[in-house]
Amino acid sequence: ARWMGFPYDERFGKAEAAYLAAEDEVTRGVVAGAREGNFVLDTTGSVIELPEGTREMLRGGFVVVYIEPAEEMVAGMVERFFETPKPVVWGGAFGVLEGEDGDAAIRRCYPGLLEKRMKMYEKLCHVKVPAKLSMNPDVGIDEFLDAIREAL
C-alpha cells in the first residue's frame, strides 16, 4: 500500500486518481481490442469505480460475472485486508470522524466500502456465482463454467 498510501495520507487523492486513470485506459484498450470468442478479463475490484462509460463497455462486450461472497465471508475479507494491507480505491467511501485516527477510520469504513461495491457489482453483472464455488479446490474450470452457464 506504500506507493498509493492510505486514504488519510495527503498524497492519496492524487494517487487514487492516477491509478483510476491508468486502470480506465487499460480496461478500455482491452475491451476495444477483444475479439469474439472465449475471452476472460479478470478485473480489479476497483473496476466498479471506473467511469460509467467504461463499465457500459465492459457490460456490452463481455458477460460480467460477479463472484459473490457469502455474508460470512465478508468479515474474513475485512480481517485479511488488515493483516495484509494493499492499495485500495475508496471512491469516496472513506472519512475520518472528529477525534478518530486514520487507522480507526479505515477499520470503520472498510466494511462500508465492501457493501457499496457489492451493490454496484450486482448492478453491473449479468450473472452471479457464489465465491465459495470459485474458492473450492475440488471445482475445476469446467464446473465453474457450467455454473455460469446455468446462472445465465
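Methionine 77 comes out partly exposed, at a relative accessible area of 26%. That class sits between buried (under 20% relative accessible area) and exposed (over 50%), using a 1.4 Å probe and protein chains only. The model is predicted: local features need pLDDT of at least 70, side-chain atom pairs count only at pLDDT 80 or more, and totals for chains, interfaces and linings use all residues. Residues are numbered from 1 along each chain as its sequence is written, and side-chain values use heavy atoms, with hydrogens and water left out.

**Exercise 1. Place methionine 77 and list its contacts outside the neighbouring sequence.**

Solution.
- Step 1: find the element. Methionine 77 belongs to helix α3. Helices (H or I, at least four residues) and strands (E, at least two) are DSSP runs, numbered from the N terminus.
- Step 2: leave aside neighbours within four places in sequence. Methionine 77 then contacts Pro69, Tyr110 and Leu114. Contact means heavy atoms within 4.5 Å.
- Step 3: check a distance. From methionine 77 to phenylalanine 6 the C-alpha separation is 18 Å, across 71 residues of chain.

**Exercise 2. Describe how α3 and α4 cross, and which residues meet there.**

Solution.
- Step 1: choose the descriptors. Two packed helices are described by the angle between their axes and the distance between the axes.
- Step 2: read both. The axes of α3 (residues 71-83) and α4 (residues 102-124) come within 10 Å and cross at roughly 130°. Axes are lines fitted to C-alpha atoms, for helices over the stretch in contact, and angles run from 0 to 180 degrees between N-to-C directions.
- Step 3: classify. α3 and α4 are therefore oblique to each other. Under 35 degrees counts as roughly parallel, over 145 as roughly antiparallel, 65 to 115 as roughly perpendicular, and the rest as oblique.
- Step 4: assign the hand. The crossing of α3 past α4 is right-handed. A crossing is left-handed if the near helix is turned anticlockwise from the far one by less than a right angle, and right-handed if clockwise.
- Step 5: list the residues. α3 supplies Val74, Met77, Val78, Glu79, Phe81 and Phe82, and α4 supplies Ile106, Arg107, Tyr110, Pro111, Leu114 and Met118.
- Step 6: sort them. The contact of α3 with α4 has 10 nonpolar residues, two charged and no polar. Nonpolar covers Ala, Val, Leu, Ile, Met, Phe, Trp, Tyr, Cys and Pro; charged covers Asp, Glu, Lys and Arg; the others, Gly among them, are polar.

**Exercise 3. Do the analysis for α1 and α2.**

Solution.
- Step 1: the axes of α1 (residues 12-33) and α2 (residues 52-61) come within 10 Å and cross at roughly 30°.
- Step 2: that angle makes α1 roughly parallel to α2.
- Step 3: α1 passes α2 with a left-handed crossing.
- Step 4: Asp24, Thr27, Arg28 and Val31 of α1 make the contact with Gly53, Thr54, Met57 and Leu58 of α2.
- Step 5: the classes are three nonpolar, three polar and two charged.

**Exercise 4. Glutamate 49 lies in the loop between α1 and α2; work out its surroundings.**

Solution.
- Step 1: glutamate 49 is buried, at a relative accessible area of 17%.
- Step 2: what does glutamate 49 touch, not counting residues up to four places away in sequence? The set is Leu20, Arg55, Val89, Trp90, Gly91, Leu113, Lys116 and Arg117.
- Step 3: the side chains of glutamate 49 and lysine 116 share a polar contact of 3.0 Å. This term means a pair of N or O atoms within 3.5 Å; within protein, one must be able to donate a hydrogen and the other to accept it, and residues adjacent in sequence count only if both atoms are side-chain atoms.
- Step 4: turn to arginine 117, a residue of helix α4. Arginine 117 is buried too, with a relative accessible area of 10%. Not counting residues up to four places away in sequence, arginine 117 touches Gly45, Ser46, Ile48, Glu49, Val88 and Val89.

**Exercise 5. Is cysteine 125 buried or exposed, and what does it touch?**

Solution.
- Step 1: cysteine 125 sits in the loop between α4 and β2 (127-130).
- Step 2: cysteine 125 is buried, at 9% relative accessible area.
- Step 3: its contacts, not counting residues up to four places away in sequence, are Arg59, Val64 and Tyr66.
- Step 4: cysteine 125 and valine 65 are 60 residues apart in sequence, yet 5.5 Å apart C-alpha to C-alpha.

**Exercise 6. Summarise the chain.**

Solution.
- Step 1: the chain has six helices and two strands. Their order from the N terminus is α-α-β-α-α-β-α-α.
- Step 2: the C-alpha trace spans about 50 × 35 × 25 Å along its principal axes.
- Step 3: of the 152 residues, 33% are buried.
- Step 4: take contacts between residues at least 6 apart in sequence. Of these, 68% join residues at least 24 apart.
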